[in-house]
Amino acid sequence: PPGAAGVGSVPFAIRGLAPGASTASTATAQLSADAEPPLAALLRQGARRASGPGAAHIETLERNIEQLRRTRSADPAGLGATRGAVRAGDGPRTGAAAQLGTVGAITTVRVPNLDAGDICVANFPIGVRTVVTTAHAIIVEDTASIAGGRTTLRGQMDEYFVRLGDEFERVMWPILSASFGNPLAMDAALGGPGKVVMVFSPRVNALQRGNVTAFVASCDFFPTASRPSSNQGAFFYAYVPTSPAAGYSDPETRDQWMRLIRGTVIHEVKHIVSFAERYSRNLPVEDVSWEEGSARVAEEMFARSIYGTLPRANTRYAPTLGCDIRYLTVTPGCSDRPMLMLRHFDGLYAYASAPEIYSPLGRTFGGDVAMYGGAWSFLRWAADHFVGPEAQFFREHTTGSGTGASNLEARTGRTWDEMLGEWSLALFLDDLAAFNPLNPRLRLLSWDLNDVWNGLCTDLGPCVDPLNPTQVYSRSPPFFPRARAFGNFLIGVGTLVTGGFTLLDLTGGPLPSQIVELKALTTNADPPAVLRLTISRVR
């Protein structure tokens, strides 16, 4: 059942009985040991993905959500006192808020200090120059000429900011407003500038040991009098490149920065949409896993605008992720391609490698970022199979009165147990050769997963060239199912987290019947009541 991820982790056994076998003889059989990677190896594999911006981003979002929930707890009648203070104390768009919209103007804003205990109190006041204004966005650049002992690229980024602002206006804003909601839903009450403000500063580069790409701060939805870090508007904060070199020879060049930041912008503004819509409607804030998953969906929608693909089109690897990887090659259509879907499938690959210890409901251990992949995939699967147009699904998910699994249940009309079972089978069975499931929900309609796994293992693993110098994705597919022949067996599962699953793959000749049942790990007692079993026959 749904709950806090990692809470209620349980051990159990899976028992198989063939016709004519006695329950007693099988119950006392020795538990079998599966050929699967040990937990420590899985955690080391996850650590590659956990280190860096992913983990820091989740931790920052968790702090933001906790801040909003504490405020709601203090004002259960509807956050009215806080909203009233904003409306009474901040008035129309004047002063700094209005000045931000003037190209060339220098304005003081505050960057919340993520290295401090309370990011809503500790901050860095900085001077910013307004570089770009569009109908819905303002892009500002830190005016510091020296940061961290290095000369900044102040004044050398304008061309990139102009391109970014144009793409936000033409592509990202229509996606966000049509499919999720209004990031400016709180702006008038806050006396904000009436646009999304993107703050690019070398201060961000230094935060969290250099592991921050960009972040939002829920403090910005409160008056400065109560949250000193607040800029009172729809703001996000992002890092800047440090190398003046051209091209992609250095990860700190402007071109590499542009490759990464394009998907990051729509991700961050999706968080602003969620906070603004839910706060303005007096709704509880969404759980961190589904908030991150839906922000990855926004990135996916942006990616489709570049790939030229459609939802529910069973998209393949070569023209999509393959181009994300081949952005330096002469492959047609791939040159200068931004980072788009590689992050999604990197997280899902780690998730599928060990679904017993990962959950779409949230992080199950410190540094876990596979949750990104699981939550995104679950939302993608649900949107593809339920409701109708995906824009309707995600608008209603963003503004739904529930949170977590209950929000998904309201969108689909199905229970969490049923959805988790079908999605987990869909991950394993999607595009399996010659398999056309009678239950259409045992497929992932938007992506050809088998083709994606094969492509990753070919380009960045040993599937075609065992001596490939890049060994990131070591197998295709990434699953480690517990494979058995039909008959008698007893398998021990040491741990299964809330929202996790394990795979049993039974094969062999036809039998009159096959019993599969769940039991306690070390006795013949009933299994933990929280477990569920979902079965698919492949013929």
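**Exercise 1. A buried acidic residue before helix 10**

In which loop is glutamate 286 found? Determine its place in this predicted model, then establish its exposure and its polar partners.

*Solution.*
Step 1. Glutamate 286 is found in the loop that runs between helix 9 (254-280) and helix 10.
Step 2. The relative accessibility of glutamate 286 is 2%, and buried means under 20%, so the residue counts as buried.
Step 3. Two polar partners can be identified for the side chain of glutamate 286. It reaches the backbone nitrogen of glycine 404 at 2.6 Å, and it makes a polar contact of 2.9 Å with the side chain of asparagine 407.
Step 4. Setting aside residues up to four places away in sequence, the residues that glutamate 286 touches include Ile65, Arg69, Arg278, Glu291 and His397. Gly402 and Thr403 are also among them.

**Exercise 2. Geometry and cover of helix 10**

Compare the span of helix 10 with its expected value, and describe its burial and the residue that follows it.

*Solution.*
Step 1. Helix 10 covers residues 288-307, which is 20 residues.
Step 2. From its first C-alpha to its last, helix 10 reaches 28 Å, close to the 28 Å expected at 1.5 Å a residue.
Step 3. Helix 10 is mostly covered, with 18 of its 20 residues buried.
Step 4. Glycine 308 follows helix 10 and has a positive phi, near 75°.

**Exercise 3. The disulfides**

How many disulfides does the chain contain? Characterise each by sulfur distance, handedness and location, and state the pairing pattern.

*Solution.*
Step 1. The count comes to three disulfides.
Step 2. Cysteine 120 and cysteine 219 form one of them, with their sulfur atoms 2.1 Å apart. The angle about the S-S bond is -85°, and the link of cysteine 120 and cysteine 219 is left-handed. Cysteine 120 lies in the loop between strand 2 (106-112) and strand 3 (123-133), while cysteine 219 lies in the loop between strand 8 (214-215) and strand 9 (235-238), so the pair ties together parts that are 99 residues apart in sequence. Both cysteine 120 and cysteine 219 are buried.
Step 3. The sulfur atoms of cysteine 323 and cysteine 334 are 1.8 Å apart, and the two residues form a disulfide. Its torsion about the S-S bond is about -65°, so the disulfide of cysteine 323 and cysteine 334 is left-handed. Cysteine 323 belongs to helix 11 (residues 321-325) and cysteine 334 to the loop between helix 11 and helix 12 (342-353), so this pair ties together parts that are 11 residues apart in sequence. Cysteine 323 and cysteine 334 are buried.
Step 4. Cysteine 457 is joined to cysteine 463 by a disulfide with an S to S distance of 2.0 Å. At 80° about the S-S bond, the link of cysteine 457 and cysteine 463 is right-handed. Cysteine 457 has a relative accessible area of 0% and is buried, whereas cysteine 463, at 40% relative accessibility, counts as partly exposed.
Step 5. With bonded cysteines counted along the chain, the pattern is 1-2, 3-4, 5-6.

**Exercise 4. Overall packing and nonpolar cores**

Which residues have the most contacts inside the largest nonpolar core? Place that core in the context of the whole chain.

*Solution.*
Step 1. The chain has 17 helices and 13 strands, and buried residues make up 54% of its 539 residues.
Step 2. Among contacts in the chain with a separation of 6 or more, residues 24 or more positions apart account for 70%.
Step 3. About 21,100 Å² of the chain is exposed, and carbon and sulfur atoms supply 55% of that area.
Step 4. The largest nonpolar core has 127 residues, and those with the most contacts inside it are Phe168, Phe200, Phe236, Trp257 and Phe345. Helix 9 gives the largest share of this core, 11 residues.
Step 5. Not counting residues up to four places away in sequence, tryptophan 257 touches Met157, Tyr160, Phe161, Leu164, Phe200, Tyr239, Val240 and Pro241.
Step 6. Another core, of nine residues, lies apart from the largest one; among its members are Val493, Leu496, Leu518 and Leu531.

**Exercise 5. Glutamate 141**

Is glutamate 141 buried or exposed? Locate this residue and name the backbone atom that lies by its side chain.

*Solution.*
Step 1. Glutamate 141 has its place in strand 4 (residues 137-142).
Step 2. Its relative accessible area is 5%, so glutamate 141 is buried.
Step 3. A polar atom of the side chain of glutamate 141 lies 3.2 Å from the backbone nitrogen of glycine 155.
Step 4. Beyond residues up to four places away in sequence, glutamate 141 touches, among others, Arg129, Arg154, Asp158, Phe161 and Phe200.

Key:
Residues numbered from 1 in each chain as written. Heavy atoms only, no water. Helix = DSSP H or I, 4+ residues; strand = E, 2+ residues; numbered from the N terminus. Expected span 1.5 Å × (residues − 1). Buried < 20%, exposed > 50% of the residue type's maximum accessible area, 1.4 Å probe, protein only. Polar contact = N/O pair within 3.5 Å; in protein donor to acceptor, adjacent residues only side chain to side chain. Contact = heavy atoms within 4.5 Å. Disulfide = S-S within 2.5 Å. Areas by Shrake-Rupley, 256 points an atom, 1.4 Å probe, with all protein chains shown as cover. Core = buried A, V, L, I, M, F, W, Y, C linked by side-chain atoms within 4.5 Å.
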